[in-house]
Amino acid sequence: MKKWLLGVTTGCGCVTTIYLLLVFILPAALLVATFQAYVASVYEYLFGDELPDTIHGQPAAGFITAAFADPDYYDRFGVLHTGIDIANSRGTPVYSTVDEARVVKVGYESDGYGVYVKLQDEGNDWYVLYAHLRGVAPGIHTGATVEWGDVVGYMDSSGNSTGDHVHYEIRRPDNAQVNPDKSKGCC
Ligand SMILES: [Zn+2]
């Protein structure tokens, strides 16, 4: 691109070419670059994250009822779906999907996540979150350490939920949610 531009400007000397370059080609190139950057940022948001391999597997047995950024979910509730929903019967165990993690939050939001557990990956500061639980497993409290496969809680429909399921989120260290489908073995 740079070489081509140089070739045109230095090799020609023609006023029309320079005029076309400045008035048409450069703004067009800028527009294309802006559009590409926009598409890239949307793509990165939806699909592009490279997830750490310390987060893997599916947090519970069951069926996927809503994908990350699911368009049907958006149509139904008017908000972006920030995780993956896995549905099964009430009380189904929900397991840690992180090799080594620390519990950073056991919370309750009546109008949101319901009972939820948030873990931080000890290796890289990424987070995972499991929501709409019935309750947490024994030993799950802020500061506790958990390993991959440990039970963190039990499936329910607490908070803003329309059926028994776990809402599973993976978050970058800046807390931005990414698609859990990109982690190995999920979902
Ligand atoms: Zn959900």
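Which residue in β5 does R102 stand opposite? Keep that question in mind as you move through this predicted model.

**Stop 1: the whole chain**

Start with a cartoon view of everything. You should find 3 helices and 10 strands. Following the sequence from its beginning, the order reads α-α-β-α-β-β-β-β-β-β-β-β-β. Of the 187 residues in the chain, 28% are buried. Now think about contacts between residues with a separation of 6 or more: 63% of them link residues 24 or more positions apart.

**Stop 2: β4 and β5**

Select residues 100-109, which are β4, and 114-121, which are β5. These two strands run antiparallel, and 8 bridges join them. Together they form a hairpin, with 4 residues between the strands. Click on R102 and look across to β5: the residue standing opposite is Q120. That settles the opening question.

**Stop 3: β5 and β6**

Keep β5 on screen and add β6, residues 127-136. β5 and β6 also pair in the antiparallel sense, over 5 bridges. Select K118 and you will see L129 of β6 opposite. This hairpin has 5 residues between its strands, and among the residues to click here is D125, which takes a positive phi near 70°. While β5 is in view, check how covered the strand is: 7 of its 8 residues are buried.

**Stop 4: the nonpolar core**

Next, show side chains for V94, Y116, V117, L119, Y130, L133 and V166, the residues with the most contacts inside the largest nonpolar core, which has 32 residues. The elements giving two or more residues to this core include β2 (84-87), β3 (93-95), β8 (151-155) and β9 (165-171), along with β4, β5 and β6. The largest share comes from β6, with 7 residues. As general background, nonpolar side chains in soluble globular proteins tend to be buried together.

**Stop 5: L119 and its surroundings**

Zoom in on L119. Leaving aside residues up to four places away in sequence, L119 touches S96, V98, A101, R102, V103, V104, Y127, V128 and V146. Notice R102 from Stop 2 in that list.

**Stop 6: S96**

Finish at S96, in the loop between β3 and β4. Is S96 buried or exposed? S96 counts as buried because 26 C-beta neighbours lie inside 10 Å. Beyond four places in sequence, S96 touches A101, L119, V146, E147, W148, G149, D150 and V152. For a last click, pick the C-alpha atoms of S96 and I55: 41 residues apart along the chain, they are separated by 8.9 Å.

Notes:
Residues numbered from 1 in each chain as written. Predicted model: local features only at pLDDT ≥ 70, side-chain atom pairs only at ≥ 80, totals over all residues. Core = buried A, V, L, I, M, F, W, Y, C linked by C-beta atoms within 7 Å. Buried ≥ 20, exposed ≤ 12 C-beta atoms within 10 Å, placed from the backbone. Contact = placed C-beta atoms within 7 Å. Pairing = 2+ DSSP bridges.
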